[in-house]
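Open the model in a viewer and keep the sequence panel beside it. The stops below say what to select and what is found there.

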Amino acid sequence: MVVAKEYQPSIIYIDECEKVFPAKKKKGKKKGGKKKLKISDPMNPARIKKTIAKWKKSAKFFEDKTRITILGCTSNFEDGSKKDFKKFFEKQIYFPFPDYNTRRMMWRNFIERHEGKLKQDFPLQTLAHISSGYSAGSIKQTCEKVLTTY
């Protein structure tokens, strides 16, 4: 945070926000095999929440002219505390995963961009079905890794 203030304008990016703002576990339900980390443990992502919240509340740190944006991203929104997300971040933008028709068009587009030739009977619908829950970036990355030129 201090570095971000020194080198403004700055963006602080928090990936996997669900680990920084975890949902409270209901009593009686335990996840097997996971060791609970203390908040002071440097391996515990939740320590970031406490530190940033402290800076965010400090009127001296965030003045009207401060140009720092805190950006958080998660692909497992349901694993995080919705209450904490809303309290910490001023705005939330939800980007849903693409639907079936969009995935089908993306598969065709990304395959053709990598000089892939699709036959009339190529089962694009199968790719679209099995890639449910994939983001556009995941589909693109799959095509980049799998398709090669001769």
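**Overview**

Keep in mind throughout that this is a predicted model. Colour it by secondary structure first: the protein has seven helices and two strands. Read from the N terminus, the elements follow the order α-β-α-α-β-α-α-α-α. Then colour by relative accessible area: of the 150 residues, 21% count as buried.

**Stop 1: the start of the chain**

Select Gln 8 and Pro 9. The peptide bond that joins this pair is cis, with omega at about -5 degrees. Pro 9 sits in the loop between helix 1 (2–6) and strand 1.

Move on to Glu 16, in the loop between strand 1 and helix 2. Its phi is near 55 degrees, a positive value in a residue other than glycine. Now show side chains and add Lys 19: Glu 16 and Lys 19 meet in a salt bridge, 2.8 Å from N to O. How exposed is each partner, Glu 16 and Lys 19? Glu 16 has 36% relative accessibility and so counts as partly exposed; Lys 19, at 42%, is also classed as partly exposed.

**Stop 2: the largest nonpolar core**

Select Ala 4, Ile 12, Ile 14, Cys 17, Val 20, Phe 21, Ile 52, Ile 68, Ile 70, Phe 85, Phe 88 and Phe 89. These 12 residues make up the largest nonpolar core. Which elements give two or more residues to this core? They are strand 1 (10–15), helix 2 (17–20), strand 2 (68–73) and helix 4 (82–88).

Another core, of seven residues, lies apart from the largest one. To find this second core, select Met 106, Trp 107, Phe 110 and Cys 143, which are among its members.

**Stop 3: a nonpolar patch on the surface**

Switch to a surface view and select Ile 11, Tyr 13 and Leu 71. They form a nonpolar patch with about 330 Å² of accessible area together. Ile 11 belongs to strand 1. Is Ile 11 buried or exposed? Its relative accessibility is 62%, so Ile 11 counts as exposed, the cut-off for that class being over 50%.

**Stop 4: the largest pocket**

Keep Leu 71 selected and add Gly 72, Cys 73, Lys 91 and Ile 93. Of the 32 residues that line the largest pocket, these five lie nearest its centre. The space in this pocket comes to about 1200 Å³. Helix 2, strand 2 and helix 4 are the elements that give two or more residues to the lining. Which element supplies the largest share? Strand 2 does, with six residues.

Leu 71 thus appears at two stops: in the surface patch and among the lining residues nearest the pocket centre.

**Stop 5: helix 5 and the loop after it**

Select Arg 108 and Glu 112. They form a salt bridge, with the closest N and O atoms 3.7 Å apart. Why look for this pair along one helix? Arg 108 and Glu 112 are four residues apart in helix 5 (residues 100–113), so about one helical turn separates them. Arg 108 has a relative accessible area of 37% and is therefore partly exposed; Glu 112, with 43%, is partly exposed too.

Within helix 5, go to Arg 104. At 33% relative accessibility, Arg 104 counts as partly exposed. Add Ala 128 and draw a C-alpha to C-alpha distance: Arg 104 and Ala 128 are 4.9 Å apart in space, with their positions 24 residues apart in sequence.

Next select Glu 115, in the loop between helix 5 and helix 6 (124–130). Phi of Glu 115 is near 60 degrees, a positive value in a residue other than glycine. The relative accessible area of Glu 115 is 62%, so this residue is exposed.

**Stop 6: helix 7**

Select Lys 140 and Glu 144. Their closest N and O atoms are 4.0 Å apart, and the two form a salt bridge. Lys 140 and Glu 144 are four residues apart in helix 7 (residues 136–146), so they are separated by about one helical turn. Both ends are partly exposed: Glu 144 has a relative accessible area of 41%, and Lys 140 is at 35%.

To finish, show all the salt bridges at once: the count comes to three.

How values were computed: Residues are numbered from 1 along each chain as its sequence is written. This is a predicted model: local features need pLDDT of at least 70, side-chain atom pairs count only at pLDDT 80 or more; totals for chains, interfaces and linings use all residues. Side-chain values use heavy atoms; hydrogens and water are left out. Buried means under 20% relative accessible area, exposed over 50%, partly exposed in between (1.4 Å probe, protein chains only). A nonpolar core is a set of buried Ala, Val, Leu, Ile, Met, Phe, Trp, Tyr and Cys residues joined through side-chain atoms within 4.5 Å. Patches are made of residues with over 30% relative accessible area and no salt bridge: like charges are joined within 9 Å, nonpolar side chains (Val, Leu, Ile, Met, Phe, Trp, Tyr) within 5 Å. Accessible areas come from the Shrake-Rupley method with a 1.4 Å probe; for residues, only the protein chains shown count as cover. On a 1 Å grid over the protein atoms alone, a cavity is a set of points where a 1.4 Å probe fits but cannot get out, and a pocket is an open set with protein on both sides within 12 Å along at least five of seven lines; lining residues have an atom within 4 Å of a point. Grid points are joined across faces, edges and corners, and a volume is the space filled by probe spheres set on the points.
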